[in-house]
Amino acid sequence: MLISFLVLSATKDPTAVERANLLNMAKLSIKGLIESALSFGRTLDSDYPPLQQFFVVMEHCLKHGLKVRKSFLSYNKTIWGPLELVEKLYPEAEEIGASVRDLPGLKTPLGRARAWLRLALMQKKMADYLRCLIIQRDLLSEFYEYHALMMEEEGAVIVGLLVGLNVIDANLCVKGEDLDSQVGVIDFSMYLKNEEDIGNKERNVQIAAILDQKNYVEELNRQLNSTVSSLHSRVDSLEKSNTKLIEELAIAKNNIIKLQEENHQLRSENKLILMKTQQHLEVTKVDVETELQTYKHSRQGLDEMYNEARRQLRDESQLRQEVENELAVQVSMKHEIELAMKLLEKDIHEKQDTLIGLRQQLEEVKAINIEMYQKLQGSEDGLKEKSEIIAQLEEKTNKITAAMRQLEQSDNDLLTQTRTIAMSLVKYASSDTQDQYKLVKDISF
């Protein structure tokens with residue numbers, strides 16, 4: 001039987017014909033895969049021919065109208081770019097993208113794209129992923145030409161057909177498969193067959209289906225037997241656990257009764273405590289009022305004591321002011337006494353100087369007397385003259401002796417006055433003026 005979608009028409013647009021052919025091939029591939037998988041009745045693996053052809057057809061559909069990207073060494077034309085874009089549009093696709101990038105042995109973007117298609121089929125999310133992709137045509141325009149299958153209505157139709165693949169369970173080993181070097185060629189012989197091959201194929205399929213059903217029933221029976229035995233053991237364990245639960249329930253009921261009794265007892269104790277607390281609060285309130293009255297009385301006494309203390313402080317301040325005034329007077333008297341002592345010291349020094357001069361004069365007179373006496377012995381003629389001179393000298397000596405006596409008397413008077421002033425100064429001077437005390441002591445003695 002010939003397939004009408006392989007007939008090319010010269011009057012149509014070649015790109016439109018390509019899109020129609022790819023759409024028809026996708027329809028046949030998806031329909032044949034679903035029918036064969038349902039008749040096969042088991043989980044599909046990587047060696048299943050209809051499944052391999054499905055991936056080849058999907059690869060051709062995704063490659064249609066793909067833009068050529070120039071790289072540093074060569075031109076690049078791969079479907080991994082738009083498939084990698086799905087991660088940004090569909091958050092759940094981040095896991096599949098990370099898994100593909102972590103797969104060892106994949107060296108080319110095409111190999112990663114083939115692994116991505118197989119993982120999406122196993123997750124039963126291929127239709128959801130590609131639906132998010134074809135909606136964003138502004139983003140797809142970076143990878144596809146405007147006439148590409150993914151940019152036209154045929155892409156939406158193929159995405160709708162992919163929803164039917166969610167009934168298929170596939171177990172594909174992507175890790176050990178060489179996806180980089182596979183050649184994606186569509187095998188049209190799977191879709192171009194005569195009636196005898198179709199009949200034989202149907203009989204073989206029916207026989208295989210019967211055998212599969214037999215094996216399935218046997219396996220199901222075996223699983224049911226194991227399930228029954230496990231259920232029996234589970235029933236026994238449940239009975240044991242039920243018995244334990246009944247015992248625990250009885251214990252819990254007893255505990256509840258005990259807890260209720262304790263609760264009742266605690267409530268009665270709480271009432272007693274509340275009554276005692278109220279009584280204690282009343283007593284405390286009376287005590288507080290009494291203490292408040294006591295505080296008021298003590299506060300009044302404290303106020304009186306405070307007023308008395310303020311009066312005493314005022315009197316003491318006045319007394320201190322008087323003492324300070326008297327101290328100021330004493331300090332001024334002290335300064336006057338110091339000034340008088342300085343004047344007395346000066347007068348004493350002057351008189352001492354005068355006394356020293358008189359003593360020198362007396363020594364000179366004695367020397368003259370001795371000299372005159374010697375001359376008197378040497379010359380009797382000048383005795384009278386010398387007698388007169390001696391008389392004059394004796395008179396002068398008497399005057400000098402009288403002056404010395406007067407000076408000694410005045411010196412004694414000055415010493416007496418000095419002692420009197422010193423005693424007065426000692427009386428009024430403070431204890432810390434040691435230098436002044438020493439000076440007075442020196443003058444006194």
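**Close-up views of a predicted model**

**View 1. Extent of helix α6 in the predicted model.** Helix α6 comprises 15 residues, from 109 to 123, and spans 21 Å between its first and last C-alpha atoms. This reach is close to the 21 Å expected at 1.5 Å a residue. Just beyond α6, Lys-124 adopts a positive phi of about 60 degrees.

**View 2. Burial and packing of α6.** Helix α6 is mostly covered, with eleven of its 15 residues buried. Among them are Leu-110, Leu-117, Leu-119 and Leu-121, together with Ala-113, Ala-115 and Ala-120. The buried set also includes Gly-111 and Trp-116, as well as the arginines Arg-114 and Arg-118. Packing partners of these buried residues are α2 (49-63), α3 (80-84), α4 (86-89), α5 (94-102) and α7 (126-135).

**View 3. Surroundings of Glu-59 in helix α2.** Glu-59 lies in α2, a helix against which the buried residues of α6 pack. Glu-59 counts as buried because its relative accessibility is 6%, which falls under the 20% cut-off. Apart from neighbours within four places in sequence, Glu-59 is in contact with Ile-79, Leu-110 and Arg-114. Of these partners, Leu-110 and Arg-114 are listed among the buried residues of α6.

**View 4. Residues 235-269, annotated as a coiled-coil region.** The unreviewed UniProt entry assigns the annotation "coiled-coil region" to residues 235-269 and 302-413. In the model, residues 235-269 are 100% helix and 0% strand. The C-alpha atoms at the two ends of residues 235-269 are 49 Å apart.

Key
Residues are numbered from 1 along each chain as its sequence is written. This is a predicted model: local features need pLDDT of at least 70, side-chain atom pairs count only at pLDDT 80 or more; totals for chains, interfaces and linings use all residues. Side-chain values use heavy atoms; hydrogens and water are left out. Helices (H or I, at least four residues) and strands (E, at least two) are DSSP runs, numbered from the N terminus. The expected span of a helix is 1.5 Å times one less than its number of residues. Buried means under 20% relative accessible area, exposed over 50%, partly exposed in between (1.4 Å probe, protein chains only). Contact means heavy atoms within 4.5 Å. UniProt positions are given in the numbering used here, feature names are shortened, and annotations may be inferred rather than shown by experiment.
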